[in-house]
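The following exercises ask the reader to work through one model in steps. Each task is followed by its worked solution.

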Amino acid sequence: MRTSDGENRRPWRSGVEWSRSWRIGAGAALVLALSALAGCASTPNYVTGPQRALQIAQTYNLNNAKANFTLNTALQNKNEEGVSAQLDDAYYQMLRDEGKTSEGNGKPAHWHFTVYVFNQAATPAYFVAETAATKTSKGYGDLFLFKKDSPKGPWRVLYEEAVLAKNMPTFVSAGNGYVASAPLPKILVASPGAAISDLANYWSNYANASAPLGLLQSGPDTSTLNAEMQSVASGTASQHGSVLASFSEANTPILAFPTTAGALVFGVIDWSFVNTPPSGSRITQPSSRSNADALLAPGNYTSITYNEVTAVALLVPKAGHIAVLGADQGVVSASGSDSSTPTVAPQPTPGPAATPTPDRAPAATTKPAPTPSCSSTVTSSGISVSCS
């Protein structure tokens with residue numbers, strides 16, 4: 001995970017520093033703020049308690065910094081699972097392919113955690129940890145969903161989302177410092193599964209500038225994102241080849257938890273971008289892997305496919321519109337067709353690791369290549385292509 005200060009997981013949003021424990025009531029707040037107090041005199045027989053959850057979150061913060069500093073996938077996967085591990089495994093590989101050996105400075109982020117532990121007596125069990133805003137985070141905090149798969153298994157991060165602090169969910173108190181894991185409100189504007197499908201279908205209509213939002217709320221990860229992708233696709237198709245994107249709901253369990261406003265829903269959407277340069281052209285990836293996402297092997301390609309996953313957190317309300325609270329996304333693989341060994345000038349030895357650019361891909365550079373040549377750059381809103 002790379003969302004702490006000085007790091008870069010989903011760089012356009014990073015972690016925050018204020019406490020929201022008061023939102024579920026004064027009695028629960030004392031426990032959820034996790035002061036030095038021992039907690040309630042009568043402890044329910046749940047999988048874990050608020051104080052233990054805080055220790056787990058803090059340990060994750062320490063281990064994450066160590067894993068980042070050494071790009072240690074094995075250590076990282078002891079602390080993350082599912083889509084969170086998938087995204088970070090790919091990111092570590094991208095950094096290694098660029099010749100880098102480290103990310104961050106090895107020091108944990110200065111996070112203040114607030115935890116919300118669900119009243120679950122059996123595994124799989126979950127709890128939520130929030131961080132508050134920093135001066136550089138532009139109002140965003142981080143929302144983690146931790147999961148314990150079995151009674152003797154570890155707690156690991158399953159989802160991590162950058163969420164505007166003002167949009168953080170408010171959970172339903174279950175007493176004794178816990179929050180309710182069920183039931184969901186009887187009336188929601190859409191079921192959790194339908195809400196994820198609606199978002200995937202809306203993204204699939206990115207080429208249609210007038211695609212209706214339906215139940216979705218306008219925002220950075222809906223109308224703004226589709227407008228950006230539509231602009232990229234139409235401009236690329238008319239000038240520099242074509243970019244086609246497809247979206248589908250991943251074969252991943254959808255999780256939903258009650259909130260005072262409705263339901264907090266987690267799910268995964270798969271993306272596939274196919275970049276095809278103009279006829280007779282090739283996209284060249286040099287041995288430095290600097291002309292496209294570093295996960296793409298060196299070669300000359302007449303077509304490149306980028307596979308991306310997006311872990312989303314939605315607020316499905318009792319009334320109104322579905323809000324995309326967070327969309328944690330990244331390229332997990334890249335492949336090309338019609339590859340041949342590129343003829344490029346010798347590349348210099350990579351220098352010290354640099355901070356990744358906000359679009360999770362290295363800046364495009366000009367390298368000697370057959371004429372005409374194209375470059376492809378993956379961004380948060382799609383793929384940008386230019387040819388010369």
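**Exercise 1. Identify the residues of the largest nonpolar core that touch the most other members, and the elements that supply this core.**

Solution. The model is a predicted one.

Step 1. The largest nonpolar core contains 45 residues, and those that touch the most other members are Leu199, Trp203, Phe247, Ile269, Trp271 and Leu314.

Step 2. Two or more residues of this core come from each of helix H4 (82-97), H5, H6, S7, strand S9 (262-276), strand S12 (303-317) and strand S13 (323-337).

Step 3. H5 contributes the largest share, namely six residues.

Step 4. Separate from this core is a second one of 26 residues, among them Leu145, Met168, Ala313 and Leu315.

Step 5. Trp271 may then be examined individually. Leaving out residues up to four places away in sequence, Trp271 touches Trp203, Leu225, Met229, Ser246, Phe247, Tyr306, Asn307, Glu308, Thr310 and Gln329. Trp203 and Phe247, like Trp271 itself, belong to the core residues that touch the most other members.

**Exercise 2. Determine how many aromatic pairs the structure holds, and classify the pair Tyr206 and Phe247.**

Solution. Two quantities are required. A pair of aromatic rings is described by the distance of the centres and the angle of the planes.

Step 1. The total is 20 aromatic pairs.

Step 2. For Tyr206 and Phe247, the ring centres are 6.2 Å apart and the planes stand at 75 degrees, so this pair is edge-to-face. The cut-off used here is an angle over 60 degrees.

Step 3. The pair connects distant parts of the chain, with the two positions 41 residues apart in the numbering: Tyr206 belongs to the loop between helix H5 (192-204) and helix H6 (223-239), whereas Phe247 belongs to strand S7 (residues 242-249).

Step 4. Tyr206 and Phe247 are both buried.

Step 5. Phe257 and Phe266 provide a second case: their ring centres are 6.5 Å apart and their planes at 70 degrees, so they too are edge-to-face. Both Phe257 and Phe266 are buried.

Step 6. Ring pairs also join Tyr60, Trp111, Phe113, Phe127, Phe144, Phe146 and Trp155 into a cluster.

**Exercise 3. Establish the strand order of the open sheet of four strands, and decide which strands are its edges.**

Solution. Strands of a sheet pair through backbone hydrogen bonds, either parallel or antiparallel.

Step 1. The order is S1-S2-S3-S4, and the pairing is antiparallel.

Step 2. S1 and strand S4 (155-164) are the edge strands, since each pairs on one side only.

Step 3. From one strand to the next, the twist averages 20 degrees.

Step 4. S1 and strand S2 (residues 125-131) run antiparallel and are joined by five bridges. Within this pairing, Phe113 stands opposite Thr131, and Thr114 stands opposite Glu130.

Step 5. Helix H2 (residues 50-70) lies across S1, S2, strand S3 (140-148) and S4, and runs at about 130 degrees to S1.

**Exercise 4. Is strand S1 largely enclosed or open, and why?**

Solution.

Step 1. A residue counts as buried under 20% relative accessible area. Five of the five residues of S1 (residues 113-117) are buried, so the strand is largely enclosed by the rest of the structure.

Step 2. The cover extends to both faces: Phe113, Val115 and Val117 are buried on one side, and Thr114 and Tyr116 on the other.

Step 3. The loop between S1 and S2 contains Gln120. Because its relative accessibility is 14%, Gln120 counts as buried.

Step 4. Apart from neighbours within four places in sequence, Gln120 is in contact with Tyr46, Val47, Ala125, Tyr126 and Ser181. Gln120 and Tyr46 are 74 residues apart in sequence, yet their C-alpha atoms are 5.4 Å apart.

**Exercise 5. Describe how strand S8 and S9 are connected and paired.**

Solution.

Step 1. S8 and S9 form a hairpin, with three residues between them.

Step 2. Four bridges pair strand S8 (residues 255-258) with S9 in the antiparallel sense. Pro258 has Ala263 in S9 as its bridge partner.

**Exercise 6. Summarise the protein chain as a whole: what are its element counts and its buried percentage?**

Solution.

Step 1. The chain has six helices and 15 strands.

Step 2. Of its 388 residues, 51% are buried.

Step 3. Among contacts between residues at least 6 apart in sequence, 69% join residues at least 24 apart.

Step 4. The accessible surface is about 16000 Å², and 55% of this belongs to carbon and sulfur atoms.

How values were computed. Residues numbered from 1 in each chain as written. Predicted model: local features only at pLDDT ≥ 70, side-chain atom pairs only at ≥ 80, totals over all residues. Heavy atoms only, no water. Buried < 20%, exposed > 50% of the residue type's maximum accessible area, 1.4 Å probe, protein only. Pairing = 2+ DSSP bridges. Phe/Tyr/Trp six-rings, centres within 6.5 Å; stacked < 30°, edge-to-face > 60°. Core = buried A, V, L, I, M, F, W, Y, C linked by side-chain atoms within 4.5 Å. Contact = heavy atoms within 4.5 Å. Axes fitted to C-alpha atoms, helices over the stretch in contact; angles between N-to-C directions. Areas by Shrake-Rupley, 256 points an atom, 1.4 Å probe, with all protein chains shown as cover.
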